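This report covers an annotated domain, a ligand site, a set of annotated residues and an aromatic pair. The sequence and structure come before the details.

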Amino acid sequence: MNIESQVQLKPFNTLSVSATASHFVKVQSVAELEEALQFAQQQNLNVLLLSGGSNMMLPEQIHALVIAIDIQGIELVAEDENTATLRVGAGQVWHDFVLWTTEQKMYGLQNLALIPGLVGASPVQNIGAYGVEAGEFIESVEVYDRQSKQTQHIQAVDCQFSYRHSIFKDDPNRYVITHVIFKLLKHADLKMNYGDLKAAMGDEITPENLQKQVIQIRQSKLPDPKEFPNAGSFFKNPIINQQDFTQLIEKFPNIPHYPQKDNQVKIAAGWLIDQSGWKGKRLNQVGMFHKQALVLVNYADATLKDVKATFQAVQKDVYDKFGVHLEPEPVLFNEQGLIQNH
Ligand code: EPU
(Lines give C-alpha, C1' and ligand atoms only; values in the text may rest on other atoms or scores of the structure.)
Protein backbone atom coordinates (compact mmCIF):
# COMPACT_ATOMS: atom_id res chain seq x y z
CA MET A 1 0.00 0.00 0.00
CA ASN A 2 1.49 3.30 -1.13
CA ILE A 3 0.18 6.46 0.51
CA GLU A 4 1.00 9.50 -1.60
CA SER A 5 0.84 13.12 -0.57
CA GLN A 6 -0.36 16.27 -2.39
CA VAL A 7 -2.10 14.40 -5.21
CA GLN A 8 -3.98 16.26 -7.95
CA LEU A 9 -7.46 14.74 -8.32
CA LYS A 10 -8.35 16.41 -11.61
CA PRO A 11 -8.01 13.13 -13.54
CA PHE A 12 -10.08 11.31 -10.89
CA ASN A 13 -13.26 13.42 -11.12
CA THR A 14 -15.23 13.57 -14.37
CA LEU A 15 -16.13 17.26 -13.80
CA SER A 16 -12.35 17.73 -13.97
CA VAL A 17 -12.11 20.39 -11.28
CA SER A 18 -8.71 20.98 -9.81
CA ALA A 19 -8.49 19.53 -6.28
CA THR A 20 -5.38 18.58 -4.33
CA ALA A 21 -5.61 15.79 -1.74
CA SER A 22 -3.20 15.94 1.18
CA HIS A 23 -3.13 12.10 1.26
CA PHE A 24 -4.12 9.55 -1.38
CA VAL A 25 -4.08 5.77 -1.65
CA LYS A 26 -5.42 3.14 -4.04
CA VAL A 27 -6.67 -0.10 -2.43
CA GLN A 28 -7.09 -3.38 -4.30
CA SER A 29 -8.37 -5.63 -1.53
CA VAL A 30 -10.33 -5.55 1.73
CA ALA A 31 -7.05 -6.09 3.62
CA GLU A 32 -5.52 -2.99 2.00
CA LEU A 33 -8.68 -1.05 2.74
CA GLU A 34 -8.41 -1.95 6.44
CA GLU A 35 -4.80 -0.86 6.44
CA ALA A 36 -5.68 2.48 4.84
CA LEU A 37 -8.51 3.09 7.33
CA GLN A 38 -6.11 2.35 10.20
CA PHE A 39 -3.61 4.85 8.82
CA ALA A 40 -6.32 7.53 8.64
CA GLN A 41 -7.32 6.83 12.23
CA GLN A 42 -3.72 7.01 13.47
CA GLN A 43 -3.12 10.28 11.61
CA ASN A 44 -6.46 11.72 12.66
CA LEU A 45 -7.54 12.18 9.06
CA ASN A 46 -11.05 12.02 7.65
CA VAL A 47 -11.58 9.53 4.83
CA LEU A 48 -12.95 10.48 1.42
CA LEU A 49 -13.98 7.44 -0.62
CA LEU A 50 -13.33 7.77 -4.32
CA SER A 51 -15.01 5.55 -6.87
CA GLY A 52 -15.29 6.66 -10.52
CA GLY A 53 -15.53 10.32 -9.50
CA SER A 54 -18.50 10.81 -11.81
CA ASN A 55 -20.87 12.22 -9.22
CA MET A 56 -18.83 14.49 -7.00
CA MET A 57 -17.87 18.13 -6.48
CA LEU A 58 -14.48 18.64 -4.85
CA PRO A 59 -12.92 21.77 -3.29
CA GLU A 60 -9.46 22.98 -4.37
CA GLN A 61 -7.68 21.71 -1.25
CA ILE A 62 -8.69 18.59 0.68
CA HIS A 63 -7.08 17.69 3.98
CA ALA A 64 -8.05 14.01 4.26
CA LEU A 65 -7.06 10.53 3.14
CA VAL A 66 -8.65 9.92 -0.26
CA ILE A 67 -9.12 6.17 -0.72
CA ALA A 68 -9.65 5.09 -4.33
CA ILE A 69 -11.39 1.72 -4.40
CA ASP A 70 -9.79 -0.50 -7.01
CA ILE A 71 -11.13 -3.94 -6.06
CA GLN A 72 -11.52 -5.97 -9.26
CA GLY A 73 -13.10 -9.29 -10.26
CA ILE A 74 -16.35 -10.85 -11.47
CA GLU A 75 -17.34 -14.25 -10.03
CA LEU A 76 -20.34 -16.41 -10.82
CA VAL A 77 -21.53 -17.40 -7.34
CA ALA A 78 -24.84 -19.12 -8.11
CA GLU A 79 -26.89 -20.15 -11.09
CA ASP A 80 -30.19 -21.83 -11.91
CA GLU A 81 -32.42 -22.23 -14.96
CA ASN A 82 -33.54 -18.62 -14.89
CA THR A 83 -30.93 -16.57 -13.09
CA ALA A 84 -27.20 -16.01 -12.70
CA THR A 85 -25.77 -14.43 -9.54
CA LEU A 86 -22.54 -12.48 -9.83
CA ARG A 87 -20.21 -11.03 -7.19
CA VAL A 88 -18.51 -8.01 -8.68
CA GLY A 89 -15.59 -5.98 -7.30
CA ALA A 90 -16.44 -2.36 -6.50
CA GLY A 91 -13.61 -1.15 -8.74
CA GLN A 92 -14.92 -2.71 -11.96
CA VAL A 93 -15.87 -0.13 -14.61
CA TRP A 94 -19.68 -0.09 -14.77
CA HIS A 95 -20.11 0.15 -18.54
CA ASP A 96 -17.58 -2.61 -19.25
CA PHE A 97 -19.38 -4.80 -16.73
CA VAL A 98 -22.75 -4.16 -18.44
CA LEU A 99 -21.27 -5.05 -21.87
CA TRP A 100 -19.77 -8.22 -20.39
CA THR A 101 -23.14 -9.35 -18.93
CA THR A 102 -24.79 -8.89 -22.31
CA GLU A 103 -22.08 -10.98 -24.00
CA GLN A 104 -22.66 -13.69 -21.36
CA LYS A 105 -26.43 -13.55 -22.11
CA MET A 106 -27.22 -12.31 -18.62
CA TYR A 107 -29.94 -9.73 -18.73
CA GLY A 108 -31.36 -6.76 -16.83
CA LEU A 109 -28.69 -4.09 -16.91
CA GLN A 110 -28.80 -3.29 -20.65
CA ASN A 111 -30.80 -0.06 -20.08
CA LEU A 112 -27.97 1.15 -17.86
CA ALA A 113 -25.23 0.94 -20.48
CA LEU A 114 -22.77 3.83 -20.78
CA ILE A 115 -23.43 5.26 -17.32
CA PRO A 116 -20.04 6.55 -16.19
CA GLY A 117 -18.46 5.35 -12.95
CA LEU A 118 -17.61 2.11 -11.17
CA VAL A 119 -19.73 -0.79 -9.93
CA GLY A 120 -19.23 0.10 -6.24
CA ALA A 121 -21.03 3.40 -6.66
CA SER A 122 -24.07 1.88 -8.39
CA PRO A 123 -26.00 1.06 -5.19
CA VAL A 124 -25.13 4.35 -3.48
CA GLN A 125 -27.44 6.53 -5.50
CA ASN A 126 -29.22 3.58 -7.11
CA ILE A 127 -28.22 4.61 -10.62
CA GLY A 128 -31.03 4.56 -13.13
CA ALA A 129 -31.81 5.21 -16.77
CA TYR A 130 -34.49 4.40 -19.37
CA GLY A 131 -36.92 2.88 -16.91
CA VAL A 132 -34.52 0.64 -14.95
CA GLU A 133 -32.69 1.17 -11.66
CA ALA A 134 -29.64 -0.83 -10.56
CA GLY A 135 -31.38 -1.72 -7.27
CA GLU A 136 -33.85 -3.95 -9.15
CA PHE A 137 -31.00 -6.37 -9.96
CA ILE A 138 -28.95 -6.09 -6.79
CA GLU A 139 -29.34 -9.02 -4.42
CA SER A 140 -27.04 -7.70 -1.71
CA VAL A 141 -24.12 -5.37 -1.13
CA GLU A 142 -20.91 -6.49 0.54
CA VAL A 143 -19.47 -3.76 2.74
CA TYR A 144 -16.74 -3.09 5.24
CA ASP A 145 -18.50 -1.64 8.28
CA ARG A 146 -16.26 1.05 9.77
CA GLN A 147 -18.20 0.88 13.04
CA SER A 148 -17.88 -2.86 13.77
CA LYS A 149 -14.66 -3.14 11.71
CA GLN A 150 -16.05 -6.20 9.93
CA THR A 151 -17.30 -7.12 6.50
CA GLN A 152 -20.99 -7.84 6.11
CA HIS A 153 -23.71 -8.38 3.50
CA ILE A 154 -26.57 -5.91 3.36
CA GLN A 155 -29.60 -7.41 1.63
CA ALA A 156 -31.27 -5.33 -1.09
CA VAL A 157 -34.41 -4.77 0.97
CA ASP A 158 -32.31 -3.24 3.75
CA CYS A 159 -30.55 -0.94 1.27
CA GLN A 160 -33.90 0.92 0.89
CA PHE A 161 -33.43 1.72 -2.77
CA SER A 162 -35.50 4.58 -4.16
CA TYR A 163 -35.03 7.29 -6.81
CA ARG A 164 -31.30 8.16 -6.71
CA HIS A 165 -31.21 7.11 -3.05
CA SER A 166 -30.24 4.32 -0.62
CA ILE A 167 -29.10 3.93 3.00
CA PHE A 168 -25.54 4.52 1.77
CA LYS A 169 -26.48 8.15 1.15
CA ASP A 170 -28.01 8.56 4.61
CA ASP A 171 -25.01 7.15 6.41
CA PRO A 172 -22.04 7.93 4.12
CA ASN A 173 -19.27 7.47 6.69
CA ARG A 174 -20.21 4.04 7.93
CA TYR A 175 -19.91 1.56 5.07
CA VAL A 176 -17.32 1.05 2.38
CA ILE A 177 -18.78 -0.96 -0.49
CA THR A 178 -16.31 -3.64 -1.57
CA HIS A 179 -18.47 -5.89 -3.78
CA VAL A 180 -21.96 -5.85 -5.26
CA ILE A 181 -23.98 -9.04 -5.77
CA PHE A 182 -26.22 -8.90 -8.85
CA LYS A 183 -28.93 -11.41 -9.72
CA LEU A 184 -29.47 -11.29 -13.49
CA LEU A 185 -31.93 -13.01 -15.79
CA LYS A 186 -31.18 -15.68 -18.36
CA HIS A 187 -34.35 -14.84 -20.30
CA ALA A 188 -34.61 -11.13 -20.96
CA ASP A 189 -37.62 -9.12 -19.79
CA LEU A 190 -37.07 -6.02 -21.90
CA LYS A 191 -38.03 -2.59 -20.49
CA MET A 192 -38.67 -0.39 -23.51
CA ASN A 193 -41.28 2.06 -22.30
CA TYR A 194 -39.07 5.07 -21.70
CA GLY A 195 -39.37 7.86 -24.30
CA ASP A 196 -38.50 6.82 -27.83
CA LEU A 197 -36.68 3.65 -26.90
CA LYS A 198 -39.21 1.26 -28.41
CA ALA A 199 -39.41 3.21 -31.66
CA ALA A 200 -35.62 3.34 -31.86
CA MET A 201 -35.47 -0.46 -31.59
CA GLY A 202 -37.58 -1.06 -34.71
CA ASP A 203 -38.26 -4.76 -35.38
CA GLU A 204 -35.20 -6.07 -33.58
CA ILE A 205 -36.59 -6.72 -30.09
CA THR A 206 -33.49 -8.16 -28.44
CA PRO A 207 -31.49 -7.20 -25.35
CA GLU A 208 -28.44 -6.65 -27.57
CA ASN A 209 -30.34 -4.11 -29.68
CA LEU A 210 -31.83 -2.49 -26.57
CA GLN A 211 -28.33 -1.93 -25.22
CA LYS A 212 -27.17 -0.59 -28.61
CA GLN A 213 -30.06 1.91 -28.79
CA VAL A 214 -29.52 3.10 -25.22
CA ILE A 215 -25.87 3.74 -26.07
CA GLN A 216 -26.88 5.63 -29.20
CA ILE A 217 -29.47 7.78 -27.39
CA ARG A 218 -27.00 8.63 -24.63
CA GLN A 219 -24.26 9.46 -27.12
CA SER A 220 -26.60 11.73 -29.07
CA LYS A 221 -27.59 13.80 -26.00
CA LEU A 222 -25.00 13.43 -23.28
CA PRO A 223 -21.49 14.87 -23.49
CA ASP A 224 -18.50 12.53 -23.27
CA PRO A 225 -16.65 13.55 -20.06
CA LYS A 226 -13.33 13.24 -21.92
CA GLU A 227 -14.39 15.99 -24.30
CA PHE A 228 -16.71 18.04 -22.08
CA PRO A 229 -16.04 17.32 -18.39
CA ASN A 230 -19.37 16.75 -16.59
CA ALA A 231 -21.05 14.77 -13.82
CA GLY A 232 -24.08 13.43 -15.72
CA SER A 233 -27.45 14.89 -14.75
CA PHE A 234 -26.47 17.74 -12.49
CA PHE A 235 -29.85 18.11 -10.78
CA LYS A 236 -32.36 15.53 -9.63
CA ASN A 237 -35.78 15.59 -11.23
CA PRO A 238 -37.85 17.30 -8.50
CA ILE A 239 -40.64 15.31 -6.87
CA ILE A 240 -43.49 17.56 -5.76
CA ASN A 241 -46.94 17.03 -4.26
CA GLN A 242 -50.12 16.85 -6.33
CA GLN A 243 -51.39 20.21 -5.07
CA ASP A 244 -48.26 22.13 -6.13
CA PHE A 245 -48.24 20.21 -9.40
CA THR A 246 -51.85 21.19 -10.20
CA GLN A 247 -50.95 24.86 -9.83
CA LEU A 248 -47.81 24.44 -11.92
CA ILE A 249 -49.46 22.62 -14.83
CA GLU A 250 -52.20 25.27 -15.03
CA LYS A 251 -49.53 27.86 -15.76
CA PHE A 252 -47.23 25.58 -17.76
CA PRO A 253 -49.35 22.92 -19.51
CA ASN A 254 -46.40 21.37 -21.42
CA ILE A 255 -44.31 20.45 -18.40
CA PRO A 256 -43.08 16.83 -18.79
CA HIS A 257 -44.14 14.88 -15.69
CA TYR A 258 -44.27 11.33 -14.36
CA PRO A 259 -46.74 10.24 -11.64
CA GLN A 260 -45.12 8.67 -8.55
CA LYS A 261 -46.52 6.75 -5.60
CA ASP A 262 -48.09 8.56 -2.60
CA ASN A 263 -49.74 11.24 -4.76
CA GLN A 264 -46.42 12.74 -5.79
CA VAL A 265 -45.33 13.87 -9.25
CA LYS A 266 -41.82 13.89 -10.70
CA ILE A 267 -41.10 16.76 -13.10
CA ALA A 268 -38.32 17.09 -15.66
CA ALA A 269 -35.53 19.30 -14.35
CA GLY A 270 -33.99 19.44 -17.85
CA TRP A 271 -37.17 21.05 -19.18
CA LEU A 272 -37.33 23.60 -16.32
CA ILE A 273 -33.69 24.59 -16.99
CA ASP A 274 -34.24 24.70 -20.75
CA GLN A 275 -37.34 26.91 -20.34
CA SER A 276 -35.37 29.21 -18.04
CA GLY A 277 -33.01 29.96 -20.91
CA TRP A 278 -30.04 27.96 -19.68
CA LYS A 279 -29.74 25.33 -22.43
CA GLY A 280 -26.36 26.05 -24.04
CA LYS A 281 -25.80 29.07 -21.76
CA ARG A 282 -22.59 29.64 -19.79
CA LEU A 283 -21.48 31.73 -16.88
CA ASN A 284 -17.73 32.15 -17.33
CA GLN A 285 -16.30 28.69 -18.07
CA VAL A 286 -19.19 26.61 -16.68
CA GLY A 287 -22.51 26.11 -18.47
CA MET A 288 -25.43 23.83 -19.21
CA PHE A 289 -24.92 21.53 -22.22
CA HIS A 290 -26.53 22.60 -25.51
CA LYS A 291 -28.07 19.17 -26.24
CA GLN A 292 -29.29 18.35 -22.70
CA ALA A 293 -29.84 21.26 -20.31
CA LEU A 294 -29.64 19.01 -17.23
CA VAL A 295 -25.91 18.41 -17.69
CA LEU A 296 -23.48 20.98 -16.32
CA VAL A 297 -20.18 21.19 -18.22
CA ASN A 298 -16.78 22.48 -17.17
CA TYR A 299 -15.60 24.09 -20.44
CA ALA A 300 -12.16 25.17 -19.18
CA ASP A 301 -10.27 24.72 -15.92
CA ALA A 302 -13.12 25.52 -13.56
CA THR A 303 -12.80 25.19 -9.81
CA LEU A 304 -15.61 24.37 -7.41
CA LYS A 305 -16.22 28.11 -6.98
CA ASP A 306 -17.03 28.48 -10.69
CA VAL A 307 -19.24 25.37 -10.66
CA LYS A 308 -21.15 26.77 -7.68
CA ALA A 309 -21.62 30.18 -9.31
CA THR A 310 -23.27 28.56 -12.34
CA PHE A 311 -25.42 26.01 -10.56
CA GLN A 312 -26.68 28.60 -8.07
CA ALA A 313 -27.57 30.96 -10.93
CA VAL A 314 -29.53 28.12 -12.59
CA GLN A 315 -31.29 27.30 -9.30
CA LYS A 316 -32.26 30.94 -8.86
CA ASP A 317 -33.66 31.38 -12.39
CA VAL A 318 -35.65 28.13 -12.18
CA TYR A 319 -37.00 29.08 -8.77
CA ASP A 320 -37.97 32.60 -9.92
CA LYS A 321 -39.86 31.24 -12.93
CA PHE A 322 -41.43 28.05 -11.57
CA GLY A 323 -41.17 28.26 -7.76
CA VAL A 324 -39.40 24.86 -7.81
CA HIS A 325 -36.13 24.19 -6.00
CA LEU A 326 -33.58 22.09 -7.90
CA GLU A 327 -31.36 19.87 -5.81
CA PRO A 328 -27.91 18.99 -7.21
CA GLU A 329 -27.28 15.28 -7.75
CA PRO A 330 -23.45 15.19 -7.29
CA VAL A 331 -22.15 14.93 -3.76
CA LEU A 332 -20.45 18.07 -2.42
CA PHE A 333 -17.33 17.70 -0.24
CA ASN A 334 -15.69 20.22 2.08
CA GLU A 335 -11.97 20.86 2.68
CA GLN A 336 -11.93 18.28 5.48
CA GLY A 337 -13.09 15.61 3.03
CA LEU A 338 -16.59 15.39 4.51
CA ILE A 339 -19.91 15.44 2.67
CA GLN A 340 -21.71 18.77 2.93
CA ASN A 341 -25.33 19.61 2.50
CA HIS A 342 -26.03 21.55 -0.68
N1 EPU B 1 -35.94 18.15 -21.72
C2 EPU B 1 -36.00 19.40 -22.28
N3 EPU B 1 -34.82 20.08 -22.49
C4 EPU B 1 -33.62 19.55 -22.16
C5 EPU B 1 -33.56 18.30 -21.55
C6 EPU B 1 -34.74 17.60 -21.32
O7 EPU B 1 -37.07 19.90 -22.61
O8 EPU B 1 -32.62 20.24 -22.39
C9 EPU B 1 -37.18 17.38 -21.52
C10 EPU B 1 -37.20 16.20 -22.51
O11 EPU B 1 -37.76 16.57 -23.74
C12 EPU B 1 -38.07 15.20 -21.81
C13 EPU B 1 -37.77 15.46 -20.34
O14 EPU B 1 -37.19 16.76 -20.26
O15 EPU B 1 -39.44 15.43 -22.02
C16 EPU B 1 -36.85 14.43 -19.72
O17 EPU B 1 -35.61 14.37 -20.44
P18 EPU B 1 -34.79 13.02 -20.66
O19 EPU B 1 -35.68 11.94 -21.16
O20 EPU B 1 -33.59 13.38 -21.48
O21 EPU B 1 -34.36 12.56 -19.23
P22 EPU B 1 -33.99 13.35 -17.92
O23 EPU B 1 -35.14 13.36 -16.98
O24 EPU B 1 -33.40 14.65 -18.31
C25 EPU B 1 -33.20 11.21 -16.58
C26 EPU B 1 -32.04 10.86 -15.72
C27 EPU B 1 -30.83 10.48 -16.56
C28 EPU B 1 -31.21 9.30 -17.42
C29 EPU B 1 -32.42 9.68 -18.29
C30 EPU B 1 -32.94 8.50 -19.06
C31 EPU B 1 -32.25 12.11 -13.64
C32 EPU B 1 -31.80 13.29 -12.84
N33 EPU B 1 -31.71 11.98 -14.86
O34 EPU B 1 -32.84 12.38 -17.33
O35 EPU B 1 -29.78 10.10 -15.67
O36 EPU B 1 -30.14 8.89 -18.25
O37 EPU B 1 -33.50 10.13 -17.44
O38 EPU B 1 -33.53 7.61 -18.16
O39 EPU B 1 -33.06 11.32 -13.16
C40 EPU B 1 -27.85 10.82 -14.47
O41 EPU B 1 -28.45 10.60 -13.43
O42 EPU B 1 -26.65 11.25 -14.47
C43 EPU B 1 -28.52 10.64 -15.77
C44 EPU B 1 -27.96 10.99 -16.94
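## Annotated domain

Across residues 17–187 the chain is 18% helix and 38% strand. The C-alpha atoms at the two ends of this stretch are 43 Å apart. The unreviewed UniProt entry lists residues 17–187 as "domain: FAD-binding PCMH-type". The model is predicted, and the values below are computed from it.

## Ligand shell

The ligand is surrounded by 24 residues, and Y130, Y163, S233, D274 and Q292 are the closest. By class, the shell around the ligand holds 11 nonpolar, 6 polar and 7 charged residues.

Domain 2 (74–217) and domain 3 (224–333) both supply residues to this shell, so the ligand lies between them.

## Polar contacts and cover

Oxygen atoms of the ligand have N or O partners on the protein. At Y130 the partner is a backbone N or O atom, 2.6 Å from a ligand oxygen. For N237, a polar side-chain atom lies 2.9 Å from an oxygen atom of the ligand. Q292, one of the closest residues of the shell, also places a polar side-chain atom 3.1 Å from a ligand oxygen.

On its own the ligand has 820 Å² of accessible area, of which the protein covers 82%. Four elements give two or more residues each to the shell: strand 8 (128–129), helix 6 (207–221), strand 13 (230–233) and helix 8 (269–275). Helix 8 gives the most, with 3 residues.

## Residues annotated as active site

In the unreviewed UniProt entry, the annotation "active site" covers R164, S233 and E329. These residues are spread over 166 residues of sequence, yet they cluster in space, with a largest C-alpha distance of 11.2 Å.

R164 sits in the loop between helix 3 (156–159) and helix 4 (167–170). S233 is also among the closest residues to the ligand, and strand 13 (230–233) is one of the elements that give two or more residues to the shell.

## Aromatic pairs

There are 13 aromatic pairs in the structure. One of them joins F97 and F182 in a tilted arrangement, at 5.1 Å centre to centre and with 40° between the planes. F97 belongs to helix 2 (residues 94–103) and F182 to strand 12 (residues 175–185), so the pair ties together parts that are 85 residues apart in sequence.

Notes
Residues numbered from 1 in each chain as written. Predicted model: local features only at pLDDT ≥ 70, side-chain atom pairs only at ≥ 80, totals over all residues. Heavy atoms only, no water. UniProt positions renumbered as here; feature names shortened; annotations may be inferred. Near = heavy atom within 4 Å. Polar contact = N/O pair within 3.5 Å; in protein donor to acceptor, adjacent residues only side chain to side chain. Areas by Shrake-Rupley, 256 points an atom, 1.4 Å probe, with all protein chains shown as cover. Nonpolar A, V, L, I, M, F, W, Y, C, P; charged D, E, K, R; others polar. Domains from an automatic or database assignment. Phe/Tyr/Trp six-rings, centres within 6.5 Å; stacked < 30°, edge-to-face > 60°.
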